[in-house]
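Q: Please take a close look at a single hairpin in this model. Please describe the pairing of its strands and the setting in which they lie.

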Amino acid sequence: MTAFGKLIRTTAFRLTLVYLFLFALFAASLLAFFAWNTRRLITEQITATVNAETSEISDTFGRRGLRGLVLAIENRALRPGANLYLVTTPAGQAIAGNVGSLAPGVMATTGWSETAYRRLDDQDSTDHYALVRVTELSGGFRLLIGRDLEERRRLFGIVAKAAQWSLLIVIVLGLGGGIFVARRVLHRIDAMTGTTQRIMAGDLSGRLPVGRSGDELDRLALNLNAMLERIEALMMGLKEVSDNIAHDLKTPLTRLRNRAEEALAKSRTEAEYRSALERTIDESDGLIRTFNALLMIARAESGQARGNMDDFDAADVARGIHELYEPFAEEDGMTLHVKAEPAPLHGNRELISQALANLVENAIKYGKPDLAVQPLNAGAATEAERKTILIEARRAGDRILLSVTDRGPGIPVGDRKHAIERFVRLEASRTQPGSGLGLSLASAVATLHGGDLRLDDAHPGLIATLAIPALSGSSDRLAAQTLDMPQKAA
């Protein structure tokens, strides 16, 4: 397709043609109304002038008779720019006036009419047109008084010529403006099309150009760029997950196969076979938990879990997690406390509970204080306090904070962003069982709800916080319900 063909097919050019047609129609209607109104006004002026003269001459005839009528007509006919005058006998013979000829039948009918005529002193043979009034006088005489319509015709011609030029200018400027606008729009659309073609070719880093005008195309480009950034992040996440699965799950799968092979080769008794099967089942359960965590992260990051959102109180979630994990914490020599106040949320309760549970599990596994590295000093916290894990649910402004605080070694500032990535396990935690997906899931759940996961220093220890927007509208109702529930705190 040629450049001109693309230009005339654009929506902007077609809209310009539509607006041009409407504007030209409006301009033509306006000029036509002006021309008609001007014609009407001139006709009214001629009518008023002729009526006035007819009355005067009729009075003259009534007072002075036929002789006085003829003298009045001849005097008026000699004036410069005089009207048309004609007096005829009852037989139709002209006896006074400046009209040389008329269209047939004009004098036979009284009243107004437009007629072709010639003056007595006309040198050419061209017919002129006039608006005339024929009046019958006493005795059968007839009086014609009229006015030439040349002035009206000239004025109408001026208006018609102005209309023609105006429409021509409107069409030229409209087409020029339409081509200019269409070219600018087509240039921007072509730039967007080129970017989308690069993106379809696999370059997900391409972004649509955004101008400075802030018009609808800029807003569309901004929204599409945000969508592209989200798609790029999801694709990178998918690639990262695929690579991580291939790398991190290869070891447990290999170990699982080796154990099964070892059992077939070395086991001799039923007890040995049972032990090998139990180890295989434990390894399989660990793999299943890893895949379940990956599926939950995928659901959270893709937004599929938004369909199961409801209003609830995060304080209830904190108390439930405390009740569930308190025995496990005690088995590891840790003390689990909860501090909860009304914290209304709208979200997926299952995912938020799982995210908070992951934070608590991490605190129990990695939050034990190293007394050899951090010895007790005078005035410092006691050993029991150092082994305390605090679950907290509270409201801070327009956010609900679900936090887990431990007194362990914490995470260095430089490693905190890296720790949230999938399958990442810091050096200090490699000896502990786990898949490295706990913080990734918590971060994905927070992002799903419009919040984020924060890792801060507890001096010593780590504060892991889910910061999620609070429920609006029903917060007072949920807060009142929560106040009636018993608080279980440290």
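A: **The hairpin and its surroundings**

Glycine 397 adopts a positive phi near 70° in the hairpin formed by β10 and β11, where 2 residues lie between the strands. Strands (E, at least two residues) and helices (H or I, at least four) are DSSP runs, numbered from the N terminus. The model is predicted: local features need pLDDT of at least 70 and side-chain atom pairs count only at pLDDT 80 or more, whereas totals for chains, interfaces and linings use all residues. Residues are numbered from 1 along each chain as its sequence is written, and side-chain values use heavy atoms, with hydrogens and water left out.

The two strands of the hairpin, β10 and β11, run antiparallel and are joined by 7 bridges; two strands pair if DSSP finds at least two bridges between them. Within this pairing, isoleucine 391 stands opposite valine 404 of β11. β11 is also joined to β13, again by 7 bridges in an antiparallel arrangement. Here serine 403 has threonine 465 of β13 as its bridge partner. Because 6 of its 7 residues are buried, β11 is largely enclosed by the rest of the structure. Buried means under 20% relative accessible area, exposed over 50%, and partly exposed in between (1.4 Å probe, protein chains only).

The hairpin strands also contribute to the largest nonpolar core, which has 44 residues. Such a core is a set of buried Ala, Val, Leu, Ile, Met, Phe, Trp, Tyr and Cys residues joined through side-chain atoms within 4.5 Å. Ile391, Leu402 and Leu466 are among the residues with the most contacts inside this core. The elements that each supply at least two of its residues include β10 (388-396), β11 (399-405), β13 (462-469) and α8 (349-366). Of these elements, α8 gives the most, with 9 residues. Leucine 356 is in contact (heavy atoms within 4.5 Å) with Ile391, Leu402, Val404 and Leu466, and also with Val317, Ala318 and Ile321, when neighbours within four places in sequence are left aside. In soluble globular proteins, nonpolar side chains tend to be buried together.

Apart from the core of 44 residues lies another, of 19 residues, among them Ile57, Leu131, Leu143 and Ile145. The protein chain as a whole has 12 helices and 13 strands. Of its 490 residues, 37% count as buried. Among contacts in the protein chain with a separation of 6 or more, 64% involve residues 24 or more positions apart.
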